[in-house]
Amino acid sequence: MISRKRAEEIIKGFKNKSVLVVGDLILDRYLWGEVERISPEAPVPVVEVKKETVNPGGASNVAWNISTLGARTYMAGVIGTDRNGEILEDLLKERKIFPLNVKDSKRPTTEKTRIIAVSQQLLRIDRESKERLSEEISDKLIKQIKKVIDSIDAVIVSDYGKGVITPKLMEFLRSCNKPLFIDPKPSNFSLYTGITTMTPNRKEAYECIKADREIPVEQVGKMIMEELDINTLLITLGSEGMMLFNNNKTVKIPAKARKVYDVTGAGDTVISVLALAKISGASWEEAASLANYAAGYVVGEIGTAAVDARTLLEIVQ
Ligand SMILES: Nc1ncnc2c1ncn2[C@@H]1O[C@H](COP(=O)(O)OP(=O)(O)OP(=O)(O)O)[C@@H](O)[C@H]1O
Ligand SMILES: [Mg+2]
């Protein structure tokens, strides 16, 4: 669906682009340990922690993907006035992501801690607020975005439903007249009218319009486009690849992965490559095809949630 020559031409353009990611930042924390015994206090395993790692997650994983692909990357979201907020900002800077985040003393930085032992996740502990941002914080965020918006080639909204994406913010982003890509939270569906495109996974697509599971995905896609008044939609289908809807044409793109280790974050890779390819001159079909190659690569790598421009070109056959 894309020749190597076209892929090269498109990927070459990535480094001259600027992308703004707006959304819910998450600090992903992993505690890696071993289980030797059951606790004397309760019938639960005791995990002896051997290693602790942190990664930028949620919207900041999209930013990480964009910056790994070589484009100038800005991240606008909200963090708390806590240690995790500082850690997250340091992680962004280390990854060459320019933070435009607003601090809110009334909410914690969203943190998801996984406890992993004997190669499996035993428990996840979330610290977060899902409350919608206050008017004051939301206005501050818009002010931050205004500082850079003129130099931005595309905006990606990564909505994890933690309150950053408000009606006012969406209205403002639409008024910027930049290509606007959304990774949606179905409960916020009504906010996404008039965008450029959206990349729900299958489950999210059905939830967006409360469609019955019996309805074929082709029809669900068309219903979404009609409701949002948009011409393009990409529904990701996990191991089945993706379905691109563009005007009246529907194209199924089969998955590329040869091996699968870790599928988390594949959706973030999809929207990152799709947006960068599109603003670098790709057709929708070419952009989706490149995004599918990239996702196929990241699901097959242990501990890799992003792909760089050179590797992306290498994996296009
Ligand atoms: N098991 C798999 N085998 C092959 N490819 C896969 C698999 N899972 C995901 N992919 C690739 O990743 C893309 C996105 O996957 P998926 O539809 O699961 O998104 P998602 O649910 O949004 O992921 P995320 O965990 O990031 O939210 C797919 O379109 C496909 O290209
Ligand atoms: Mg997703």
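Helix axes are lines fitted to C-alpha atoms over the stretch in contact, and the angles between them run from 0 to 180 degrees between N-to-C directions. In this predicted model, the axes of helix 8 and helix 9 cross at roughly 145° and come within 8 Å. The crossing is right-handed.

In the contact between the two helices, Ala266, Thr269, Val270, Val273, Leu274, Ala277 and Lys278 of helix 8 meet residues of helix 9, including Glu286, Leu290, Ala294, Ala295 and Val299. By class, this contact has 13 nonpolar, one polar and two charged residues.

Helix 8 (266–279) and helix 9 (284–299) also each supply at least two residues of the shell around ligand 1. The ligand is surrounded by 21 residues, of which Thr236, Ala257, Ala266, Gly267 and Ala295 are the closest.

The table sets out the two groups of residues by class.

| Group | Nonpolar | Polar | Charged |
|---|---|---|---|
| Shell around ligand 1 | 10 residues | 10 residues | one residue |
| Contact of helix 8 with helix 9 | 13 residues | one residue | two residues |

As for the whole protein chain, its secondary structure comes to 10 helices and 15 strands. The radius of gyration is 20 Å, which agrees with the value near 20 Å for a compact globule of 317 residues. Along its principal axes, the C-alpha trace spans about 65 × 45 × 40 Å. Buried residues account for 45% of the 317 residues. Of the contacts between residues at least 6 apart in sequence, 69% join residues at least 24 apart.

Definitions and conventions
Residues numbered from 1 in each chain as written. Chains lettered and ligands numbered in written order. Predicted model: local features only at pLDDT ≥ 70, side-chain atom pairs only at ≥ 80, totals over all residues. Near = placed C-beta within 6 Å. Helix = DSSP H or I, 4+ residues; strand = E, 2+ residues; numbered from the N terminus. Nonpolar A, V, L, I, M, F, W, Y, C, P; charged D, E, K, R; others polar. Rg over C-alpha atoms; globule rule 2.2 N^0.38 Å. Buried ≥ 20, exposed ≤ 12 C-beta atoms within 10 Å, placed from the backbone. Contact = placed C-beta atoms within 7 Å. Left-handed = near helix turned anticlockwise from the far one by under 90°.
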